[in-house]
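Open the model in your viewer and keep the selection panel at hand. Each stop below says what to select and what is there.

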Amino acid sequence: GCLLAEHIAVVMKKAAESKEGIPVQIIGPSKATIGKINDIYRFVIYAKHKDAECLQQIRESAEAFLDANEHKNETVQFDFDPIDSY
């Protein structure tokens, strides 16, 4: 839940810090607009940058963290160019 979202945000911030040039904005985690559905808590973390490849590398860092820590019971979704703020 919230603790996992905070860990993912830290991993994303560390990955963003290693990038040169234009800084990456990491916003969150925060509760989604609908914070809980069917006893599942939802959180949102935004990463903002002009370069899609930079965002892809940050996503890969977050996925590597999830794989290394075996978060099999958690669902994490990545959405590029989201239309809704969830």
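The tour of this predicted model goes through two helices, a turn between strands, and a pocket.

**Stop 1: helix H1**

Select residues 2–17, which make up helix H1. A span of 22 Å is expected for its 16 residues at 1.5 Å a residue, and the end C-alpha atoms of H1 are 22 Å apart, in agreement with that value. Now colour Leu4, Ala5, Ile8, Ala9, Val11, Met12, Ala15 and Ala16, the buried residues of H1. Look down the helix axis: these residues fall within an arc of 165°, so they line one face of H1. Residues three or four places apart point the same way, because an α-helix has 3.6 residues a turn. Turn to the other side of H1 and you find Leu3, Lys14 and Glu17, which are exposed.

**Stop 2: helix H2**

Next select residues 52–68, helix H2. H2 has 17 residues and reaches 24 Å from its first C-alpha to its last, close to the 24 Å expected at 1.5 Å a residue. Which residues of H2 are buried? They are Cys54, Leu55, Ile58, Arg59, Ala62, Phe65 and Leu66. The buried residues cover an arc of only 140° around the axis, and this puts them on the same side of H2. Glu53, Asp67 and Ala68 are exposed, on the face of H2 turned away from its buried side.

**Stop 3: from one helix to the other**

Keep both helices displayed and select Ala16 and Cys54. Ala16 is in helix H1 and counts as buried, at 10% relative accessibility. Cys54 is one of the buried residues of H2. Along the chain Ala16 and Cys54 are 38 residues apart, while their C-alpha atoms are separated by 8.2 Å.

Then select Ser61 and Met12. Ser61 lies in helix H2 and is partly exposed, with a relative accessible area of 28%. Met12 is among the buried residues of H1. The C-alpha atoms of Ser61 and Met12 are separated by 6.8 Å, with the two positions 49 residues apart in chain numbering.

**Stop 4: a salt bridge within H2**

How many salt bridges does the structure hold? There are two. Side chains of opposite charge can pair when their charged atoms come close.

For one of them, show the side chains of Glu63 and Arg59, whose closest N and O atoms are 2.6 Å apart. Both residues are in H2, four residues apart, so about one helical turn separates them. Is each partner buried or partly exposed? Glu63 is partly exposed at 28% relative accessibility, whereas Arg59, at 16%, is buried, because the cut-off for buried is under 20%.

**Stop 5: strand S1 and the loop after it**

Select strand S1, residues 25–37. Pro29 lies in this strand, and the peptide bond that joins Gly28 to Pro29 is cis, with omega of about 10°.

Move on to the loop between S1 and strand S2 (40–48), where Asn38 is placed. Asn38 is not a glycine, yet it has a positive phi of about 50°. Asn38 is exposed, with a relative accessible area of 72%. Asp39 is in this loop between S1 and S2 too. Its phi is also positive, about 60°, although Asp39 is not a glycine. Asp39 is exposed, with a relative accessible area of 64%.

Add the side chain of Lys36 to see another salt bridge: Asp39 pairs with Lys36, and their closest N and O atoms are 3.4 Å apart. Lys36 is partly exposed, with a relative accessible area of 40%.

**Stop 6: the largest pocket**

Finally, display the surface. Rolling a probe the size of a water molecule over the atoms shows where empty space is left. The largest pocket holds about 1200 Å³ of space. Select Phe43, Val44, Ile45, Gln77 and Phe78, which are the closest to its centre of the 34 residues lining this pocket.

Which elements supply the lining? H1, S1, S2 and H2 each give at least two residues, and S2 has the largest share, with nine. Colour the lining by class and you get 21 nonpolar, five polar and eight charged residues.

Notes: Residues are numbered from 1 along each chain as its sequence is written. This is a predicted model: local features need pLDDT of at least 70, side-chain atom pairs count only at pLDDT 80 or more; totals for chains, interfaces and linings use all residues. Side-chain values use heavy atoms; hydrogens and water are left out. Buried means under 20% relative accessible area, exposed over 50%, partly exposed in between (1.4 Å probe, protein chains only). A salt bridge is a side-chain nitrogen of Lys or Arg within 4 Å of a carboxyl oxygen of Asp or Glu. On a 1 Å grid over the protein atoms alone, a cavity is a set of points where a 1.4 Å probe fits but cannot get out, and a pocket is an open set with protein on both sides within 12 Å along at least five of seven lines; lining residues have an atom within 4 Å of a point. Grid points are joined across faces, edges and corners, and a volume is the space filled by probe spheres set on the points. Ala, Val, Leu, Ile, Met, Phe, Trp, Tyr, Cys and Pro count as nonpolar, Asp, Glu, Lys and Arg as charged, and the others, Gly among them, as polar. The expected span of a helix is 1.5 Å times one less than its number of residues. The arc is that of the directions from the helix axis to the C-beta atoms.
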